[in-house]
Amino acid sequence: MPKPLVQPVGSKPIYTRFWNEFKQFPKGLHAGSSAPPTVSGPAAAALISGGLGAVAMMATHHFAELSKSNNQIVIQMGRWIPGAMNPDPMWGNLENYAGKEMMFFIGWWVSWALLHQILKHRQVKPRTLLVCLFGLFTLATAMAWHPLFPWLSLM
């Protein structure tokens with residue numbers, strides 16, 4: 001028997017119907033893979049490399065803050081990114097932010113390639129992964145905290 005296109009008013013609230021539909025989405029994921037991975041190393045490499053990229057970006061931030069010549073080096077690193085150097089004053093420039101993002105990208109991809117080669121046949125414990133992620137992202141966040149690094153400008 002086909003389902004009616006319009007539910008009778010008052011049968012179920014719309015949020016209940018939405019939630020019941022949402023719980024079924026996507027139906028194919030619960031079946032899993034026919035060939036699930038046997039090691040967690042490649043996934044751990046991908047996650048840890050994001051933290052290493054964040055630390056590389058913050059190290060570049062501190063490098064740029066040390067002197068104007070260092071800041072110019074960082075600006076030049078990100079100059080190729082579209083919109084980094086915009087002559088229109090209305091849209092502004094990214095200045096050294098593009099270089100910092102460039103270093104994040106390089107740190108992320110290079111560390112991912114290296115860590116993937118090191119960990120591709122290894123099982124990484126979830127605790128080890130959690131400690132690495134927490135430590136790297138905490139370090140990257142602390143490096144942006146002005147009370148710890150008073151030479152950082154607020155603007």
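**Aromatic rings of helix H4 and the setting of Asn 70**

Phe 105 is partly exposed, its relative accessibility being 43%. In this predicted model, Phe 105 shares helix H4, which spans residues 96–119, with Trp 109, and the two residues also form an aromatic pair. The notes below take up the ring pairs around these residues and then turn to Asn 70 in helix H3.

**Ring pairs in helix H4**

- The structure contains 7 aromatic pairs, and one of them joins Phe 105 to Trp 109 in a tilted arrangement, with 5.9 Å from centre to centre and 55° between the planes.
- Along helix H4, Phe 105 and Trp 109 are 4 residues apart, which corresponds to about one turn of the helix.
- Trp 109 also pairs with Trp 108, and this pair counts as tilted because the planes stand at 45°, with the ring centres 5.3 Å apart.
- Phe 104, Phe 105, Trp 108, Trp 109 and Trp 112 are linked by ring pairs into a cluster.

**Accessibility within the cluster**

- Trp 109 has a relative accessible area of 43% and is therefore partly exposed, since the partly exposed class runs between 20% and 50%.
- Trp 108, at 26% relative accessibility, is likewise classed as partly exposed.

**Asn 70 in helix H3**

- Asn 70 lies in helix H3, which covers residues 68–77, and is buried because its relative accessible area of 14% falls under the 20% cut-off.
- When neighbours within four places in sequence are set aside, Asn 70 is in contact with Phe 63 and Ala 64.

Methods:
Residues numbered from 1 in each chain as written. Predicted model: local features only at pLDDT ≥ 70, side-chain atom pairs only at ≥ 80, totals over all residues. Heavy atoms only, no water. Helix = DSSP H or I, 4+ residues; strand = E, 2+ residues; numbered from the N terminus. Buried < 20%, exposed > 50% of the residue type's maximum accessible area, 1.4 Å probe, protein only. Contact = heavy atoms within 4.5 Å. Phe/Tyr/Trp six-rings, centres within 6.5 Å; stacked < 30°, edge-to-face > 60°.
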